[in-house]
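Visitor: Mind walking me through this one? I'd like to start with its pocket and then move on to the strands.

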Amino acid sequence: MSVIQAPLPYDKAALEPHMSARTFEFHYGKHHKAYVDNTNAAIKGTPLEQASLEEIIKAAKESGDKKLFNNAAQAWNHDFFWQSMTPKSGAPTGKLAEWLMRDFGGVDQFKEKFKAEAVGHFASGWAWLVLDNGKLAVTSFHDADTPIVHGVVPLLTADVWEHAYYLDYQNARASFLDAFLNNLANWGGANEKLERATA
């Protein structure tokens with residue numbers, strides 16, 4: 001079994017004007033694909049060839065195989081990022097809305113904290129909304145690092161590697177985060193993940 005690059009959950013042009021089809025051509029079509037291809041090349045002929053992507057990531061972390069970890073984790077992170085966006089963003093509802101109020105003081109306060117974490121993250125990485133010991137938290141991880149090896153449940157992520165936004169926003173990471181939080185974030189998907197994790 002090889003690692004498969006899952007299809008996008010929407011058309012490449014579906015998030016315009018906030019994220020262009022051209023960005024997807026490079027980000028999904030080249031960057032994400034390369035991580036999947038590199039992962040498959042690294043596990044070929046090894047016991048991990050039959051493992052799930054999550055198992056590959058955890059095994060690479062435990063063994064200290066940084067090259068495999070970086071590529072496999074990036075493949076996973078990118079798939080999660082595509083799921084974290086939707087053409088029909090709307091506003092948080094259900095348990096997610098309730099817990100954003102409980103743990104951050106409201107949706108706007110959460111957005112401020114998430115944006116500050118993402119914009120303030122030095123160099124490449126990912127900003128995350130996670131479930132950590134029964135509470136919602138905002139955090140970020142450098143480079144390819146991923147929450148699945150840190151004992152927290154990921155609910156939503158924004159890619160803050162420059163290639164995620166440069167074609168549409170140049171170096172204005174803050175503008176990209178505004179677009180992500182106000183026009184692209186898949187609150188419904190995050191709520192479903194929270195409901196499953198707390199059932």
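**Pocket first, then strands**

Guide: Sure. Keep in mind that this is a predicted model. In the largest pocket, the biggest share of the lining, 5 residues, is given by α3.

Visitor: How many residues line the largest pocket?

Guide: Nearest its centre lie L53, A75, W76, D79 and Q83. Sorted by character, the lining splits into 8 nonpolar, 3 polar and 2 charged residues. The full count for the largest pocket is 13 residues.

Visitor: And what is the volume of the largest pocket?

Guide: Elements giving two or more residues to its lining are α1 (21–43), α2 (53–63) and α3 (66–83). The volume of the largest pocket comes out at about 150 Å³.

Visitor: Is A41 buried or exposed?

Guide: A41 sits in helix α1. Exposed means over 50% relative accessible area. A41 has 55%, so the word for it is exposed.

Visitor: On to the strands. Is strand β1 largely enclosed or open?

Guide: Strand β1 covers residues 125–132, and 7 of its 8 residues are buried. That count is why we call β1 largely enclosed by the rest of the structure.

Visitor: Which residue in β3 is the bridge partner of W126?

Guide: β1 pairs with strand β3 (residues 153–159) in the antiparallel sense, over 6 bridges. Within that pairing, W126 has as its partner D159.

Visitor: Which residue in the turn of the β1 and β2 hairpin has a positive phi?

Guide: β1 and β2 (residues 135–142) are antiparallel over 8 bridges, with V130 opposite A137. The hairpin leaves 2 residues between the strands. The one with a positive phi, about 55°, is N133.

Methods: Residues are numbered from 1 along each chain as its sequence is written. This is a predicted model: local features need pLDDT of at least 70, side-chain atom pairs count only at pLDDT 80 or more; totals for chains, interfaces and linings use all residues. Side-chain values use heavy atoms; hydrogens and water are left out. On a 1 Å grid over the protein atoms alone, a cavity is a set of points where a 1.4 Å probe fits but cannot get out, and a pocket is an open set with protein on both sides within 12 Å along at least five of seven lines; lining residues have an atom within 4 Å of a point. Grid points are joined across faces, edges and corners, and a volume is the space filled by probe spheres set on the points. Helices (H or I, at least four residues) and strands (E, at least two) are DSSP runs, numbered from the N terminus. Ala, Val, Leu, Ile, Met, Phe, Trp, Tyr, Cys and Pro count as nonpolar, Asp, Glu, Lys and Arg as charged, and the others, Gly among them, as polar. Buried means under 20% relative accessible area, exposed over 50%, partly exposed in between (1.4 Å probe, protein chains only). Two strands pair if DSSP finds at least two bridges between them.
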